[in-house]
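Me: I'd love some help reading this protein model. Could we look at its hollow spaces together?

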Amino acid sequence: MDAWSWILLLFLMTLFSVGLWRTVGWERRLTRRLQALSWEGAGLVRGLGDLPPVLQTYLKNVLPAGDAMPAVSRVELRQNGLINMGEGEAQWKAFKARQLVFTRAPGFAWIARIRPTIWVCDAYVNAEGSLRAAFMGVLPLANQHDRDTLAQAELQRFLAELPWYPMLLLTCPSLAFKPLSENSVEISIRDGELSAALSFVFNDQGLVERVYAPERARFRGGRFVSTAWEGRWYAYARVAGVLVPQRAEALWLEGESTAPYWQAELTSLSYTDAQTEVE
């Protein structure tokens, strides 16, 4: 390699290090805010018999039999997957992500590296939604945040991912339930003045198969557009004693057609309470 090649390599390595440092900074700031907002206590706020029958069956299937309910305050997930970056023609890119979910108050931070050079932080904290993206973690590509449209979309995401932390059905005081049929239920959540509701549909094994919203904010053409949305869950397996889906998919519903835009496979999952962590 000549001198200019070494200079370019050093520049790129420096840029990557600075981007990684900034991304870690995003995560640390969000984590501190999430921890500060957690409400006191993480014990039971309702019993199994207080839930609609379909949810009773679901929890009997997925939670550890005979064990005391863990006081889970934090969930950490790692994922590999694909995300569609195109608005018209599909542009699928691979990503690796780490997600922190704080369950004592609705909130999460999803930090992803979209190969090869884009860092993304998708978050919901204190009833505010935010989405940041930067080339190499340094050059801004997107910086959105609000307490209205985006915030509701992020609260919907927190609710839709309940299959990864199903114990919240018993421990989260801001949830409400409305049976829709023998195999479906509407679950709603409130965070201050903000609220969201989704329909959960269960398969013949009593597990969440899909989650549906008639309207969810979709950023398209420089603005948010309300679009029907669906999340799908696959390949359940036990992790830390809890039966959780190993694969997930998110898609927009456009009339009779579907537009998948996010596919992920779980690579690790851990639950943390006040004293111990199991994995």
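Reply: Happily! Leu 55, Tyr 58, Leu 162, Pro 163, Leu 169, Ile 187, Phe 200, Phe 202 and Val 208 line the largest cavity. The model is predicted, with pLDDT of at least 70 needed for local features and 80 or more for side-chain atom pairs, while totals for chains, interfaces and linings use all residues. Residues are numbered from 1 along each chain as its sequence is written, and side-chain values use heavy atoms, leaving out hydrogens and water.

Me: How do the residues of the lining of the largest cavity divide into nonpolar, polar and charged?

Reply: Ala, Val, Leu, Ile, Met, Phe, Trp, Tyr, Cys and Pro count as nonpolar, Asp, Glu, Lys and Arg as charged, and the others, Gly among them, as polar. On a 1 Å grid over the protein atoms alone, a cavity is a set of points where a 1.4 Å probe fits but cannot get out, while a pocket is an open set with protein on both sides within 12 Å along at least five of seven lines; lining residues have an atom within 4 Å of a point. For the largest cavity, the lining has no polar, no charged and nine nonpolar residues.

Me: What is the volume of the largest pocket?

Reply: Grid points are joined across faces, edges and corners, and a volume is the space filled by probe spheres set on the points. For the largest pocket that gives about 1200 Å³.

Me: Which residues are the closest to the centre of the largest pocket?

Reply: The largest pocket is lined by 44 residues. Its lining holds 27 nonpolar, five polar and 12 charged residues. Closest to the centre are Ile 83, Asn 84, Leu 131, Trp 252 and Tyr 261.
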